[in-house]
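This report goes through the ligand surroundings, the nonpolar cores and a set of individual residues. The sequence and structure come next.

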Amino acid sequence: MERVRNKNQHYDAWLHWNLSSQCNFDCDYCFGKTTPNVSTINSIDIENLLKTLGKTGKIFRISFTGGEPFLIPNIISACETIAKVHYVSFNTNLVLDRVKEFAERINPARVLNIHASLHYDELMSKNLFGKYYDNYHLLKENAFNIYTEAVAYPLDIEKITHLKTKMNSLGIPFTYAPYYGSYNNKFYPLPYSDGEISAFNLNKNHIAAYSQKGAICNAGFNAAVVSPRGNVLTCFSVNERLGNIYNDFAFKETPTICPAKKCGCPLNFYDSYLYRKLDDKTVFTQS
Ligand code: SF4
Ligand code: SF4
């Protein structure tokens with residue numbers, strides 16, 4: 001099984017939605033969170049969202065990220081409605097009570113994956129490890145495609161063995177994903193040493209994906225990102241506006257030649273299923 005999807009799950013396009021930068025955690029290595037504030041967090045306008053998606057005639061993967069997407073007050077009803085036609089997926093720290101509700105109300109066949117980020121220091125300092133454990137196993141038992149990743153923060157290299165042993169013994173195997181950001185005056189992930197790559201067991205293709213200037217990317221073609229206010233953009237680095245999720249948007253006729261030196265969210269790498277749908281002939285005769 002691919003991590004992104006099961007073989008029988010098919011979709012035409014992907015919207016990666018940063019619902020809000022608000023988060024209930026405060027990880028040292030985080031580059032984008034703000035403190036939760038219930039009075040300012042937006043709900044999803046489910047009716048207009050579904051209308052906009054319907055107008056495109058496509059089946060979508062809507063992936064929810066943030067911040068913490070389960071902070072959104074109506075996230076469960078939004079998923080219930082979206083999942084009647086489309087697919088959803090999540091990047092989550094997995095500790096909010098809404099995760100349990102999600103497991104009970106949403107059909108796992110319409111959920112491509114749940115990327116359960118393992119932020120061990122925060123789980124321990126907030127006394128939430130038990131919640132993470134319970135929610136992970138609840139989703140697993142209910143047939144959701146859930147997998148766990150931790151951030152390969154260079155400072156944490158000494159903790160790898162302890163964490164691997166503990167998580168394996170609890171039935172939650174995990175891998176490390178490259179850290180994207182500054183550490184010791186260096187901008188990761190490119191400066192990882194061979195020793196760090198080996199210790200964290202990092203994939204070199206994954207590291208290279210964060211720096212793709214000049215490469216072909218399906219960003220804007222069959223994948224795009226969405227801002228908290230619903231603006232649809234080519235990707236988080238190329239801020240070309242394609243429309244709004246509550247009104248109208250349209251993908252471009254051709255994919256993007258990546259103009260960015262750095263990319264924190266390489267859409268062509270994170271959804272290889274859609275990237276493989278690029279037809280090079282179509283792409284270059286149209287450009
Ligand atoms: S859980 Fe994610 S969004 Fe929240 S503080 Fe940690 S890294 Fe940032
Ligand atoms: S910055 Fe990333 S997502 Fe955007 S075009 Fe380049 S590789 Fe693709």
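On a 1 Å grid over the protein atoms alone, a cavity is a set of points where a 1.4 Å probe fits but cannot get out. A molecule sits in such a cavity if more than half of its atoms lie within 2 Å of its grid points. The model discussed here is predicted.

**Ligand 2**

In this model, the space taken by ligand 2 is the largest cavity. The residues around ligand 2 are Q212, C217, C235, S237, C258, A260, C263, C265, P266 and L267. Sorted by class, this shell holds eight nonpolar and two polar residues, and no charged ones.

**Nonpolar cores**

The largest nonpolar core has 69 residues, and the members that touch the most others are L15, I44, F64, I75 and F102. Helix α2 (residues 75–82) supplies the largest share of this core, with five residues. Apart from this core there is a second, separate one of 16 residues, with A219, C235, C265 and L274 among them. Two of these names return from the ligand: C235 and C265 also belong to the surroundings of ligand 2.

F64 can be followed further. Beyond its neighbours within four places in sequence, F64 is in contact with W17, L19, I44, P69, I75, C79, I82, V88, S89, F90 and N91.

**Backbone features**

Two peptide bonds are cis. One joins G66 and G67, with omega about 15°; G67 is placed in the loop between β2 (60–66) and α2. The other runs from Y188 to P189, with omega near 20°, and P189 is in the loop between β8 (186–188) and α7 (194–200).

Positive phi values turn up at L94 and N127. For L94, which is not a glycine, phi is near 70°; this residue lies in the loop between β3 (87–92) and α3 (98–105). N127 is likewise not a glycine and has a positive phi of about 60°, in the loop between α4 (120–125) and α5 (129–141). Are these two residues buried or exposed? L94 counts as buried because its relative accessibility is 0%, under the 20% limit. N127 is exposed because its relative accessible area is 70%, over the 50% limit.

**Pairs distant in sequence**

The table lists C-alpha separations for four residue pairs.

| Pair | Separation along the chain | C-alpha to C-alpha distance |
|---|---|---|
| K131 and V99 | 32 residues | 9.9 Å |
| D271 and N218 | 53 residues | 9.5 Å |
| N24 and L96 | 72 residues | 8.7 Å |
| F221 and A13 | 208 residues | 8.4 Å |

K131 belongs to helix α5. With a relative accessibility of 33%, K131 counts as partly exposed, because that class covers the values between 20% and 50%. Leaving out residues up to four places away in sequence, K131 touches L94, V95 and D97. Its contact with L94 leads back to the residue with the positive phi near 70°.

N24 is in the loop between β1 (13–20) and α1 (46–56). It counts as buried because its relative accessibility is 18%, which is under 20%. Not counting residues up to four places away in sequence, N24 touches P36, E68, L71, N93, V95, L96 and K126. V95 is thus named among the contacts of N24 and among those of K131.

D271 is found in the loop between α9 (267–270) and α10 (272–275). Its relative accessible area is 0%, so D271 is buried. Which residues does D271 touch, not counting residues up to four places away in sequence? They are V4, Y11, W14 and R61.

F221 lies in the loop between β9 (216–217) and β10 (223–226). With residues up to four places away in sequence left out, F221 touches F251, K252, E253, T254, P255 and L278.

**T234**

T234 is found in the loop between β11 (231–233) and β12 (241–244). This residue counts as buried because its relative accessibility is 0%. Not counting residues up to four places away in sequence, T234 touches A219, G220, A223, A224, V225, E240, L242, K252, T256 and L267. Among these contacts, A219 is a member of the second core, L267 is in the surroundings of ligand 2, and K252 is also touched by F221.

How values were computed:
Residues numbered from 1 in each chain as written. Chains lettered and ligands numbered in written order. Predicted model: local features only at pLDDT ≥ 70, side-chain atom pairs only at ≥ 80, totals over all residues. Heavy atoms only, no water. Near = heavy atom within 4 Å. 1 Å grid on protein atoms, 1.4 Å probe; cavity = no way out; pocket = protein on both sides within 12 Å on 5 of 7 lines; lining within 4 Å. Nonpolar A, V, L, I, M, F, W, Y, C, P; charged D, E, K, R; others polar. Core = buried A, V, L, I, M, F, W, Y, C linked by side-chain atoms within 4.5 Å. Buried < 20%, exposed > 50% of the residue type's maximum accessible area, 1.4 Å probe, protein only. Helix = DSSP H or I, 4+ residues; strand = E, 2+ residues; numbered from the N terminus. Contact = heavy atoms within 4.5 Å.
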